[in-house]
Amino acid sequence: MRFLSFNLWHGLTPSNPVAFEALESTGRLELRRAMQLELLQKLKVDIGFLQEVNPATQRIREFSEVLKFSCTVQPDLVGLKLFGLGLPLNLNSGLVTFTSSNLSLKKVAGVSLSRPGTHWVHSWASWQLKEERFALFSETILPKWGRVLLVNTHLHHGLESTPQFEEQLVELGEELDLSPSAVTELKLRLRAGQARRLQELKVLLEELQRREKRYEVVVLGGDLNCSPFGPEAELLRAAGFQDAWQEANGEAPGYSYDGSVNVANHILQERFPLTLVVEDLSFDPKVKEALLKLARRQESRPRRIDYLWIKSRSLKLKVQQAQLVGLPDAEGLAPSDHFGVCADIEVE
C-alpha cells in the first residue's frame, strides 16, 4: 500500500483580516495546483493525507473528478464563514484524507486540538477568531490489514526551540549585552510554540486512545512542525508509533522543508510573519533586528517536519521504501513549499 503525507501550501499570509495577502500571482498558484494534480496522478497513491488544502471544497472536487479519489475533510483555518461566505474572503483551508477509488473511506471525527471537546468549524459554517489546529480521523478496510484508522493533522507552526538555537540565543544576548532576565524572557517566548504543539499532540493521543481498540492498524500522517528527535516525536514513539521514513532510511535527513533546494517557493515564504514577537520589548531597533534575523535563520533551516507514523496491534508491517516527492522541476518550481513523504508499506 502506498501512503502519502503532503502539505500543499495555501500561499497566504495573515496581513489583512478581510482577505489574506497572496504570496504569489494567481497564474503561479494555478500552475502549482496543476503540478499537484499531476504529481498525485503519477504517484498512484492508495491513501493520502493532505494539509493546507485551500479552498478545500474546490480542491476536493478536483481530486474527485480528475483523480477519482474518495475524500474526507475537516476545515481547520477558515475564519468566520456561513456556506463558504465570510472573512477572510480567500481562506477556506482544510485537512483532506483521500483513498483511491477501489478503497472505502469514512469520516470518523474532526477533533479540535486547540479547543478539546467542542468546536465551531464545519464545512457549512465556522466561528473561528484565531488559529485553531485539528486532527481528522477517518477509517478504511484494507486487504490483509483489516480495519485501519487514518489520522491526518497539522500542528502549530511556532518556532522550534532546539538546544542549538537556545545556545545561539545566549551567545547573541552576550554580544548585544542583554540582561539575563531579557534572555530568559526570550527563551520562554521561544518555548511557547513547542509547548503548544505538545499540548495539541497530547489531545490527539488521548482521542486516539479512546478509539484505537476498534482498529488493527493506525496510520498518522501530517505536518508536525517539529524535528524527528524532539519531544513531540518522542511522545509518538512512546505511544507505539514507528516513523516510516526512519524505518526505511535510517538516519538519512529527509528534509521535507528545505529552502536550499526549494528556492523559488521559499523566497516567497520569507514574507510570512515570524512567531517570535519582540515588538513589545524595550529593545533598541538594532537589537530587535538582530533577534529577528536569528529567528528567521532558525525558521528557514532545512529540516524534516512531515511524517508518516504507523502502529499495529498484531500485524508486522514492513516499510519497503520511503521517499520525498514534489521536488523542483527543471525550471526550479515545486508544487509546494514542502516536499511530500511517500512510503510503500506492506504486511510481512
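F3 and W145 are both buried, and in this predicted model their rings form an aromatic pair. The pair is tilted, with 5.7 Å from centre to centre and 45° between the planes. F3 sits in strand β1 (residues 2–7) and W145 in the loop between β11 (134–142) and β12 (146–154), so the contact ties together parts that are 142 residues apart in sequence.

**Rings and charges**

- The F3–W145 pair belongs to a short list, as the structure holds three aromatic pairs.
- Why does the F3–W145 pair count as tilted? Planes under 30 degrees apart would be stacked and those over 60 edge-to-face, so the rest, by definition, go down as tilted.
- Two charged side chains also sit over rings: R211 lies over the face of F137, at 5.9 Å from the ring centre, and K311 lies over the face of F241, at 5.2 Å from the ring centre.
- If you want to check the R211 case by eye, keep in mind that the cut-off for the ring-centre distance is 6 Å, and R211 comes in at 5.9 Å.

**Cysteines**

- How many disulfides turn up in a search of the whole structure? The count is zero.
- C71 is a handy example: the nearest cysteine sulfur belongs to C342 and is 17 Å away, while a disulfide would need the two sulfur atoms within 2.5 Å.
- Is C226 buried or exposed? With 0% relative accessibility, C226 counts as buried.
- C71, on the other hand, has 23% relative accessibility and so counts as partly exposed; buried would take a value under 20%.

**Overall fold and packing**

- The protein chain has eight helices and 17 strands.
- Its radius of gyration is 20 Å, close to the 20 Å that the globule rule gives for 348 residues, so the chain is as compact as a globular protein of that length.
- Along the principal axes, the C-alpha trace spans about 65 × 45 × 45 Å.
- Of the 348 residues in the protein chain, 54% are buried, F3 and W145 among them.
- Take the contacts in the protein chain with a separation of 6 or more: 76% of them join residues that are 24 or more positions apart. The F3–W145 pair links parts 142 residues apart in sequence.

**Surface**

- The accessible surface of the protein chain adds up to about 15,700 Å².
- Carbon and sulfur atoms account for 55% of that accessible surface.

Methods: Residues numbered from 1 in each chain as written. Predicted model: local features only at pLDDT ≥ 70, side-chain atom pairs only at ≥ 80, totals over all residues. Heavy atoms only, no water. Phe/Tyr/Trp six-rings, centres within 6.5 Å; stacked < 30°, edge-to-face > 60°. Helix = DSSP H or I, 4+ residues; strand = E, 2+ residues; numbered from the N terminus. Buried < 20%, exposed > 50% of the residue type's maximum accessible area, 1.4 Å probe, protein only. Lys NZ or Arg CZ within 6 Å of the ring centre and 35° of its normal. Rg over C-alpha atoms; globule rule 2.2 N^0.38 Å. Contact = heavy atoms within 4.5 Å. Areas by Shrake-Rupley, 256 points an atom, 1.4 Å probe, with all protein chains shown as cover.
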